[in-house]
Structures are given as C-alpha cells and as structure tokens.
Amino acid sequence: MDLNKVSTYSAAVFDRIKTVAKNATVTAVSATVNAVGAVGSLIGNPLTKDFDVGKHVASFGPNLAWKIYEGKKRTTGQEVSLVVFEKRLLDKVDKRERDFVMETMKKGPVQLTRLRHPRLLVVQHPLEESKDCLAFATEPIFASLANLLGKHENMPSPPPHDFKTFELYDVERVYGLFQLVEGLTFLHNDAKILQASLAPELIVVTKNGQWKIAGLFFSSTPVVIDGQSTYNAGQWEARLWPWAQPDLNYAAPEYILSRSCDLSSDMFSLGVLIYSIYNKGKPPFDCDNNMAAFKRNVEQMSRNNSTPLGSVPKELQEHVRSLLSITGTVRPDVHMMCKISFFENVAAMTLQYLDSLVQRDDMAKSQFFRGLYKVMSKLPKRVVIQRVLPQLCSEFSNHQMVPFALPNVLLIAEDCTSQEYVDLILPELKPVFKIQEPVQVVIIFLKKMDILLAKTPKDDVRDHVLPMVCKALEAPAEQLQEMVLSIIPSFSNMIEYSAMKNSIIPRIKNLILKTTSLSIRVNGLVCLGKMLEHLDKYAVLDDILPLMNQIPSREPPTLMAILGIFNQTMLHKKLGMDKDYLATKAIPFLFPLAVEPGLNLLQFGQYMKLINEMVKRVETEHRTKLEQLNKMQEQTKSSLKFVEEVQEAKQMDDLMGRIDKLMGGKTEAEQAGIHQLIINLFSSALSTIGQGTVSV
C-alpha cells in the first residue's frame, strides 16, 4: 500500500470536512445575526408592543433596503408582515443626505397608509419610528417581485427554502400584470397620484399570491399650471444617495430629463416592468444608476423604434412597444391597457373572478363553482393551493354555498400530499363535517370518503369523520340514510375495527329495527351483508345473525336480504358456521321463512337451496365426526389388546424364572419329575381356557 497516497487522500477528505463545517458555521452564524439584528433594531420601537417578530423572509423598497419579517399580532394571533428599515445602513451617509433619505423612506409607508384599494398593499399598523429603525405592519407578504426575479439583496442567507423551487407561471404573470394595471387605474383616476417608478422592488407578492403596488416613495400629486394638471419630475441627481431616487432603469425619459411630466410616465415604467418580467428580471436597458448611460439609452430608443423585446409574448409585444415610446402621447393609458386581449386569458379571468366573489350573489357563485373544476385542471398546483383554495374555503361560512364549493376543495385534496392536506385543507373541513343541512354536504363527503380516510390522521377520523357518518345514519332524511348505507361498504375496509364494531354497526342495526321504510331496512341488511368480510366470526354470530330474528317484518325483499346474509356467512371461510350452529339455530330459523306466503317459486327455490346445502354440510361434517370417533374407538381397542398381550408375555417370563429357580440344585430324577408336573399343569390349563384363570 502506498502510504503517500493514503496520506494525501486523508488530507483531502479532512479539508473537505473542514470546508463543509466552516460553511455550515457561517450559515448558522449569519442566520443568527439576522435574527438578532431584527430583534435588536426593533427594540424600543412601539410596533413591538403589539406584534411578535418572526424570521426574516424577504426584502423590499428602493435598492431593497427594507427587510420583511414574519409577524403575529399579540392580541389576535393574526398573521402579518413587519417591514423594517434599519437606520444603521445610513451610518456612513452625509447628514444632509441622510435626512433626505429618511424623508423618502418615511414617505412611502405614510402615503400607502392613507390609501385603501385591493391592488395596493394593506397597512395593518402605520409607520413607527424609534432610535434604530423605521417599521410598519402589513398584510402577509411572500416577497417583493424583485426577489422572485432573482434579486436577493438584503435577504436572509441562504434564501428561504420556498425560493429554491419557486417559479412564476404564465397565469401569474398575466393576472399579476392585470392587477398592477388596476392599481395604476386607481392611483391615476381616483387618487390622482403619479407612482413614478414601477420597479419590481416596489411591488410585492402577498402570501395568497396577489401582486400589489407597495412603493410610493417617489409618488407625487398634481400641480395646476395654467389650468392644466401636471406633475413634478424626479430631477435625478448623481450626487444624491441612490436610495433617495427612483431606479433609472424603470423611469420615463421625461420624468428624469424634464421639469414636469404626466401620468403617461407610469405607463413607460409599466412597459419596462413587463419586459423585465418576461426576461428574467432584466430591463431593456441597464443604466446602472448612471445619468450618462441613461441619456445614451434614451437617444438610442429615439433612433430605434423597434426595440427587441426578447421573450415578451407576441400578443403583448405591440402594446409594450407603445408603452416604451419616447413620446408620452403615444403610450396607451390605463383604461386602454385594461381592455387588451392579452388579459382575456381564461385562467387569469378565473383568478380575477375568485378575487371578486364577495361582490357576487349566491346564484352567480354557484354557477361559477360548477364549472371551476375544468379550469383548475389547467392551473399549476401552487396557484390552485395559493389562489383558489382560500377563496373556496371562505365560502364555507355560507352553508348554502358549501355544496358548490366543497367538491372543488375535495378535488384539490386529491392532488395534495398528506401533509399539505393536514396543514391547509383539514382545518377548513373540520367545521364543515358538522353541517347536516343541506344534506348534500354529507352526501358529498360520503362519496369522497376514500380520500378523507386515506389522508386524515386516525385521531381526526375518530373525532370528526366518523361522527359525521354516525350522524348521517341517525338523520331523519331517508335520502341521506339510503346514501350512507349504500356508501359505507365501499370504505368499510378503511375504518378501524373497533370503530366499525362499536360505532357503525350498532347504528345500522338500530336503523334496521326502527325504520318504517322497507327500502331503508333492505338497504341496511344489504349493507351489513357487504361488511361481513371485514368482521370476525364471533361478531357475526353474536351481533349480526341474532339481529335477523328481531326484524319485525317479513316482506319478500326483507326475507331475501336475510337469506343473502346467511348465504354470505355460509360461503365465507373465515365466517363459516359450524354444524352445531347450523343444526340448532340457522336451519330451524330459515325453514319457517322458506314457506312464507309472500315468496315466489324462484325465491323459495333459493331458500331451499341454501337450506339443503346447510343440511348437507351438517350431514357431511357430522358423518365425518362419527367416522373419526369410530376409528378412534377401534384404535383404542387395538391398543388395549396389545397391552394385554404384553402383560401375558411378562407373566410367562416371570413363571419361567420361578421354574428355573425351583430346579436349581436338583438331581436329574427330581428335575424330570418337576418337568412332568409342569407339563401336566399346562395341559390342565389349556383344557380349562375360557372357564377361568389358572394359578400356579
């Protein structure tokens, strides 16, 4: 063995282990520093009185300077996001610029707090300032759009696990852009606000997947000059700290190079954003916050009206080129953009309808839910879980809507993993299990019982699913009773034996005995017959078969159902009745039923066929038993005879031993006399065989 090679290999392995350990340590320390930094910067901030701080998940704002943390409201447990700007980031900034940056950072959340619209980020708690940070609370945020497009500055290291597998789907891009256009429509028409820089850093994606305008740091309101409304331009200055100015890559030329602008500047930003979304987060021109580069790009755009649009969809390219026009009047406004055919996407329109459910009446919602499954099959799983499922579950509070929403929820459950089902769907279903009216709710559950039992933990099956089945058996509605009786056998193999024996079967027996409906009684007996294979022999003999004698009616359908149970018990090897039960209980019970006047010839024949099979089995088994008993008796006699022969042989041996002892030391004449005496005794014994016992 080459020791040098071994030594080299060992050193390499050691270095590799050391590197892995070092990286793991750095990662752990980084995560700890982030967590401690969040808590440390928020100490003393009034926001912490009302909210608990969770982990760092994303970043947002100009240059992604704001950190986004998970949070919960202490009084209600409501989930929120805490958005934090740490002042220490400005420690090396000149005081005058520092004040300017701080004013800009405060302006965004303050402006956002004043506005309320579904397409703007909802502020749950207004901006609070402390010595170390600015912070405010919002609805739960998943990430900024910039994070999802690959910019991870000021994010935890490594990024959260969700980012590793995250993918923006086409339907999300289409509907996300439509949501932003609706947000701009509100800002332009109602709030009269110019957003000024629709960059991905200023857009967030909420935890339920909605795209929302969240950054109003550079927004402005109109100024009236000569009777016309205009907006102050950005007046971008290279000497100012970048965080205090809009991103040049997403700013309209006139907003940066002129003293005034109008709402069309936001439409230019929208065009750049669309390009960026379809080209892996890259804008058409990268200025790198350099004014000279920005001017060169503007000149290039003015000379070339057909800017290459990369992966922008063909049906959208014409509109994007118009949005990116140097001339503001050429750009379409928000109303025109809302009406383009690109947004008439069935999947995107479905998501839009789901977002507007609160505005719809029950009739419209029920019709929509009936056809929703067709669209869901075309949507990505994450979109269905994130966007469709919450809207469906929100309808469970309206019991009249449950029969229409529930089938879609259970359809989603089929594609979910067991863990996703337990975490996302089961908590929403637990209150629904208790709903008895309308009866369609229970019927829907019963039809999907295989899914419920396969994915619901055993404790929850016991506490929520089985009580629902038991209530259905006790319900006054005959339709529901018949439904549950017809469905129970299909999932009886999935129910725990103890629950089957102690909860389900007693209620079925009670229903059979107390119902006045022939159909219910017959269906109950048929249900028991199909469940027999999942029971043990003693449960059948002690609980099921005695029930037959208690049934108060003797209609032909009832009699044939009873016959079916006995036939099933007779044929099933595990449940087979022994000859004693057949002879003393089954046959005496069935014979009177066979001659009931309501039975026709065919039904009578079926009864007699089973009875004859029982009689034949009794005969066969009893004959076999008797033959075995007779054989055992003969074997016993043979054994006794053998024992007698052995005993006689032993006695003979004893006799011969005595004779030999008697003749010892005798003369020949004396021995001859003794031999003659023995011969005479044996002759006498042989002549008296059968008359007594000879003793010597």
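Which residue in β10 is the bridge partner of Val223? In β10, that partner is Thr230, as set out in the legend to Figure 2.

The structure is a predicted model, in which local features need pLDDT of at least 70 and side-chain atom pairs count only at pLDDT 80 or more, whereas totals for chains, interfaces and linings use all residues. Residues are numbered from 1 along each chain as its sequence is written, and side-chain values use heavy atoms, with hydrogens and water left out.

**Figure 1. The open sheet of 5 strands has the order β1-β2-β3-β5-β4, with antiparallel pairing.** Strands (E, at least two residues) and helices (H or I, at least four) are DSSP runs, numbered from the N terminus; two strands pair if DSSP finds at least two bridges between them. The edges are held by β1 (51-60) and β4, each with a single partner strand, so one side of each is left without a neighbour in the sheet. Direction ignored, neighbouring strands of this sheet are turned by 25 degrees against each other on average. β4 (residues 123-129) and β5 (residues 133-138) pair in the antiparallel sense over 4 bridges, and the two form a hairpin with 3 residues between them. Val123 stands opposite Thr138 in β5, while Glu128 stands opposite Ala135 in β5. Helix α2 (residues 95-114) lies across β2 (66-73), β3 (79-86), β4 and β5, and runs at about 155 degrees to β4. Axes are lines fitted to C-alpha atoms, for helices over the stretch in contact, and angles run from 0 to 180 degrees between N-to-C directions.

**Figure 2. The open sheet of 3 strands follows the order β9-β10-β11 and is paired in the antiparallel sense.** β9 (223-225) and β11 (260-261) are the edge strands, each pairing on one side only. β9 and β10 (residues 228-232) run antiparallel and are joined by 3 bridges. Within this pairing, Val223 has Thr230 in β10 as its bridge partner.

**Figure 3. Helix α5 (residues 170-190) packs against helix α11 (residues 346-355) at an angle of about 50 degrees, with axes 8 Å apart.** That angle makes α5 oblique to α11; angles under 35 degrees count as roughly parallel, over 145 as roughly antiparallel, 65 to 115 as roughly perpendicular and the rest as oblique. The crossing of α5 past α11 is right-handed. A crossing is right-handed if the near helix is turned clockwise from the far one by less than a right angle, and left-handed if anticlockwise. Val171, Val174, Tyr175, Phe178, Gln179 and Glu182 in α5 meet Ala347, Ala348, Leu351, Gln352 and Asp355 in α11, where contact means heavy atoms within 4.5 Å. The residues of this contact divide into 7 nonpolar, 2 polar and 2 charged. Ala, Val, Leu, Ile, Met, Phe, Trp, Tyr, Cys and Pro count as nonpolar, Asp, Glu, Lys and Arg as charged, and the others, Gly among them, as polar.

**Figure 4. Helices α20 (residues 497-514) and α21 (residues 518-531) pack at an angle of about 150 degrees, their axes 8 Å apart.** α20 is thereby roughly antiparallel to α21, and passes α21 in a left-handed crossing. On the α20 side the contact includes Met500, Ile504 and Ile508, and on the α21 side Ile520, Arg521 and Gly524 are among the residues met. The contact residues of α20 with α21 divide into 12 nonpolar, 1 polar and 1 charged.

**Figure 5. Helices α16 (residues 440-447) and α19 (residues 478-491) pack at an angle of about 5 degrees, with their axes 10 Å apart.** The two helices α16 and α19 are therefore roughly parallel to each other. Val442, Ile443, Leu446 and Lys447 of α16 make the contact with Gln479, Leu480, Met483, Val484 and Ile487 of α19. These residues divide into 7 nonpolar, 1 polar and 1 charged.

**Figure 6. Two cis peptide bonds and one positive phi are shown in loops.** A cis bond joins Ser157 and Pro158, with omega about -5 degrees; Pro158 is found in the loop between α3 (145-148) and α4 (161-164). The peptide bond from Glu437 to Pro438 is also cis, with omega near -5 degrees, and Pro438 is found in the loop between α15 (418-429) and α16. Lys192, a residue other than glycine, has a positive phi near 55 degrees and lies in the loop between α5 and β7 (203-206).
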